[in-house]
Amino acid sequence: MPDFVMGWPIALGILAVRIGFSALLVAFAVFAAASAVPVDPARALLGPMADEAAVAALRGELGMEAPFIIQFMRWVMRLLHGDFGYSPFHQRPALDVVMDLVPLSLSRLGLSMGLGVLIGALLGFQTFSARAFSRTLYSSTLAVPAFALAACSLWLAARTFGATPLSAPWLYQVLTIGIAALPTGLAVATTLSQWLHGDRPLTRTRQYLELAGAPEHVIVRNLVREATPATFAVTANSIVPALTAVTFCEFVFSLKGFGAVFLTACQKSDLPIVVAGTLITLALLIPAQALSEQLSSVIGRRLARAH
Amino acid sequence: MNSYLQSSVAAWRAPISAWWVLAALWVLSVLLALLPAPVPVPSLKLLGPSLIHWLGTDELGRAVGYMTCIGTARSLRDGFAIAIVSGLLGLVAGAVSALRFNGLVDRALALVGDTLRSFPTVLLALLFSTVGLPIVIILIVLLWVPVWRVSRSTLAFLLAEPYALRARLAGQPMFLILLRETLPNAWPAILPTVLIVAADSFVALVALEFLGFGVELGKPSLGVLLARVLTVGLSAPWIWIPATLLTMSLVGLFAFIADITEKNRPGGTTQCK
């Protein structure tokens, strides 16, 4: 049984604590920052001409007279009951708005990451067989921001095919998946090329195989087996840039999805949507990070054993 | 230690020129950012590239080349400043972690750092921008973590090296050992990370400007120019194409320099071959 399967109960416990702590930390930061804004919600609701007594009464009704920490606890309890507030722009509860769109964006994210792994594996092997391609180019391309790529793609697609996001949404869906596949693809390709070229510290097994004059395909098979946990780890890590890419592409291409709604909510200061979106993103990303760390620790142990 | 340091410098000779280029770029960006905002000339609205206006003019008749130049300079200036401050914060936190490796403070820093880095930088910065926090502060708070991670592991590793142990046996205080013995050897590992942080902060600044955050009215900005793709798109591509290409090239350049520096340092990825 692989090492990382054996410690699952403990790992799940740590993960649960970590998600809880992260959610609490982010929630606290958001609440503290929102409380620091010099705007009185009671005054904003009643208008500038409202009577001071009426404003004070509403403040009491909204629970704003309570100490900061009590207000925060009440807010957290509301969040735990699924009450993220009401979006004034969508005229619906924030959680409903976000949850309606998350599956759509997640499917784009999943497709893009699958495509990315495929492209990355092909590129990684090609690099290995060609032994010429520099991974510096991969890293440099990996750094290119998604919104700049989305802007270029929008222009190129409109100029080449005369297709706008409204007239040919499928083309922009494909572009979104393609752009979001880049981080995963390049990360997988870089990792594979590092392991296959032996940039990583050489393992004893590989040295034995080389000394024993093993055929190339046996060495490659061995190296691929060695590279698999690292490849899984970078794939799990690339969920962050891939999600950023999907979010920006949905916004730039005006596609229906979480990204467009989240970024528009940020622009319009629609805090309930922003908080709901952030906490749901957190619930998605922390397990991915934990998986990546677990796999990294497996790699560390294997390398330590090999040396 | 001295021979190790000498070999570090020798192996660094090639990429160090790239760092001079970056330093010059920063000084230039600071100076260019001081230039006044372009004046709108209504009679020159939406002119294509010509000999007089190399990159054309925008809807208000402002020279796109001049705006791109100042916008890039401002984003670069802020990006480098964020990288330096968050780099220093990360270094101090890394030194504390290395001195108290796996201690309470180290674990607390790890928990906070892991939480912050679990999010896409831009999305988390957006979250806090929405409630009105200054973007530069937000990015500094978010971007110290990569530097902390690298400096923590590098300094902790170097503190266990024979020369550091010898200094401890000689009775030198830990702070001095860290400063005199380990830090000079840790620079080659830490600096590429600072550069990656500079690239990250540059991208985050441009992305936030692209969405309309942190933009000062009338001041040219790379993100605002880039966002014109959503308004003028095909009709006036000369407005946003230079900004897009510059953003992509600069970030690619940062990553390239960080990569070659990392490759050429002693113990870097190519040294294991």
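Which backbone nitrogen does the side chain of B:S221 reach? In this predicted model, the partner is the backbone nitrogen of B:V224, at 3.2 Å. B:S221 sits in the loop between α7 and α8 (222–227) of chain B. With a relative accessibility of 5%, B:S221 counts as buried, because anything under 20% does. Leaving out residues up to four places away in sequence, B:S221 touches B:G71, B:R74 and B:E209.

**Chain B as a whole**

Stepping back from that serine, chain B has nine helices and zero strands. Read from the N terminus, its elements go α-α-α-α-α-α-α-α-α. Chain B has 273 residues, and 53% of them count as buried. If you take the contacts in chain B between residues at least 6 apart in sequence, 70% join residues at least 24 apart.

**Two helices to look at**

Start with α5 of chain B, which covers residues 135–159. This helix has 25 residues and spans 36 Å from its first C-alpha to its last, close to the 36 Å expected at 1.5 Å a residue. There is a bend, though: α5(B) turns by about 25° at B:L142, and the proline B:P146 follows within four residues. α5(B) is also mostly covered, with 18 of its 25 residues buried.

Over in chain A, helix α8 takes in residues 146–161. That makes 16 residues reaching 21 Å between the first and last C-alpha, close to the expected 22 Å. The buried residues of α8(A) include A:F147, A:C152, A:L154 and A:W155, along with several alanines, among them A:A146 and A:A158. Just after α8(A) comes A:G162, which takes a positive phi of about 65°.

**Where the chains meet**

How much area do chain B and chain A bury between them? About 4200 Å², with 78% of it on carbon and sulfur atoms. On the chain B side 41 residues take part in the contact, and on the chain A side 52 residues do. Across this interface the rule finds zero salt bridges. As for polar contacts across the interface of chain B and chain A, one residue pair turns up with both members at pLDDT 80 or more. On the side of chain B that touches chain A, the elements giving two or more residues are α3 (104–117), α4 (121–130), α7 (174–210) and α9 (241–264). The largest share of that side comes from α9(B), with ten residues.

**Charged pairs**

Side chains of opposite charge can pair when their charged atoms come close. Searching the whole structure gives eight salt bridges over all chains. Here are three of them, with the distance between the N and O atoms:

| Basic residue | Acidic residue | N to O distance |
|---|---|---|
| A:R92 | A:D100 | 2.6 Å |
| B:R228 | B:E59 | 3.0 Å |
| B:R77 | B:D78 | 3.1 Å |

The pair of B:R228 and B:E59 links distant parts of the chain, with their positions 169 residues apart in sequence. B:R228 is in the loop between α8 and α9 of chain B, while B:E59 is in the loop between α1 (2–32) and α2 (64–99). B:R228 counts as buried at 12% relative accessibility, whereas B:E59 is partly exposed at 27%. These two also belong to a wider salt-bridge network that links B:D58, B:E59, B:R62 and B:R228.

What about the surroundings of the other pairs? A:R92 is partly exposed, with a relative accessible area of 33%. B:D78 is partly exposed too, at 22%, and B:R77 counts as partly exposed at 25%.

**Positive phi without glycine**

Which chain A loop holds A:Q91? It is the one between β1 (86–87) and β2 (92–93). A:Q91 has a positive phi of about 55° although it is not a glycine. At 53% relative accessibility A:Q91 counts as exposed, because the cut-off is over 50%.

A:S254 is another residue other than glycine with a positive phi, here near 55°. Its place is the loop between α12 (239–252) and α13 (258–267) of chain A. A:S254 is exposed, with a relative accessible area of 59%.

Key. Residues numbered from 1 in each chain as written. Chains lettered and ligands numbered in written order. Heavy atoms only, no water. Expected span 1.5 Å × (residues − 1). Bend = angle between axes of the 7 residues up to and from the residue. Buried < 20%, exposed > 50% of the residue type's maximum accessible area, 1.4 Å probe, protein only. Contact = heavy atoms within 4.5 Å. Buried area = accessible area lost by both parts, 1.4 Å probe. Salt bridge = Lys/Arg side-chain N within 4 Å of Asp/Glu carboxyl O. Polar contact = N/O pair within 3.5 Å; in protein donor to acceptor, adjacent residues only side chain to side chain.
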